[in-house]
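Welcome! Let's walk through this fold together, one question at a time.

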Amino acid sequence: MTINSRNKGATFERDIARELELLTGVRFQRNLEQSRAVDHCDLIPDDPAWPFSLELKRYASGTGCKPAWWAQARRAAAKTGKTPCVVYKYDRREVRVCLPIQLLGNGSLPADQEDLWFETSINGLAYVAREIMAERAA
């Protein structure tokens, strides 16, 4: 990874941390362990009720969420007991968020369907997170 790529990724992480704080009130810090060891989430929330393990990706070009990113997010989420989430952005495109499709239903899917996700916006992620956190607090 070049220095420019690393800086681009770090800037994206800081930007998403600020955006999510504005949308949810939860503060995030960059997880420096992610560069030292595999399968660590990219942002650490200050609120343990935050339901997602966040994997962030920033690239110049491409389309959609890559299956390898989703697999990486699932491994990191398994370590923390949280729900996997990929936040990604390509140049000149809006930020997109991938969440497990189980969130749309009753939460139960056959094991062979665990690799399915749906996409939403950063606002959609904030909304889902706030709803899950409120439901768990009730």
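Below are some questions and answers on the core, the strands, the rings and the cysteines.

This is a predicted model, in which local features need pLDDT of at least 70 and side-chain atom pairs count only at pLDDT 80 or more, while totals for chains, interfaces and linings use all residues. Residues are numbered from 1 along each chain as its sequence is written, and side-chain values use heavy atoms, with hydrogens and water left out.

Q: Which element gives the most residues to the largest nonpolar core?
A: A nonpolar core is a set of buried Ala, Val, Leu, Ile, Met, Phe, Trp, Tyr and Cys residues joined through side-chain atoms within 4.5 Å; buried means under 20% relative accessible area, exposed over 50%, and partly exposed in between (1.4 Å probe, protein chains only). The largest such core has 23 residues, of which Ile16, Trp50, Phe52, Leu54, Val87 and Leu125 touch the most other members. At least two residues each come from α1 (3-24), β3 (52-59), β4 (83-90), β5 (96-100) and α3 (122-137), where helices (H or I, at least four residues) and strands (E, at least two) are DSSP runs numbered from the N terminus. The top contributor, with six residues, is α3.

Q: Which residues does Leu54 touch, leaving aside those up to four places away in sequence?
A: Contact here means heavy atoms within 4.5 Å. Leu54 is one of the core residues that touch the most other members. Its partners are Leu20, Phe28, Cys41, Asp42, Leu43, Cys85, Val87 and Leu125.

Q: What is the handedness of the β-α-β crossover from β3 to β4?
A: Strands β3 and β4 run parallel and are joined by eight bridges; two strands pair if DSSP finds at least two bridges between them. The chain gets from β3 to β4 through helix α2 (residues 67-80). A crossover is right-handed if, with the strands pointing away from the viewer, the path from the first strand over the helix to the second runs clockwise. This one is right-handed.

Q: Which residue of β4 is the bridge partner of Arg58?
A: Six of the eight residues of β3 are buried. Eight bridges link this strand to β4. In β4, Arg58 is matched with Lys89.

Q: Stacked or edge-to-face: how do the rings of Tyr88 and Tyr90 pair?
A: Rings of Phe, Tyr and Trp (its six-membered ring) pair if their centres lie within 6.5 Å; planes under 30 degrees apart count as stacked, over 60 as edge-to-face and the rest as tilted. Tyr59 and Trp69 form a stacked pair, at 5.5 Å centre to centre and 15 degrees between the planes. Tyr88 and Tyr90 have ring centres 5.6 Å apart and planes at 65 degrees, so their pair is edge-to-face.

Q: How far apart are the C-alpha atoms of Gly64 and Tyr88?
A: Gly64 sits in the loop between β3 and α2, and its contacts beyond four places in sequence are Trp69, Tyr88, Tyr90 and Glu119. Ring pairs join Tyr59, Trp69, Tyr88 and Tyr90 into a cluster. Gly64 and Tyr88 are 24 residues apart along the chain, yet their C-alpha atoms are separated by 8.6 Å.

Q: How many disulfides does a search of the whole structure find?
A: A disulfide is taken as a pair of cysteine sulfur atoms within 2.5 Å. For Cys98, the nearest cysteine sulfur is that of Cys65, 3.2 Å away, and Cys98 is in no disulfide. Cys98 counts as buried, at 0% relative accessibility. Across the whole structure, the number of disulfides found is zero.
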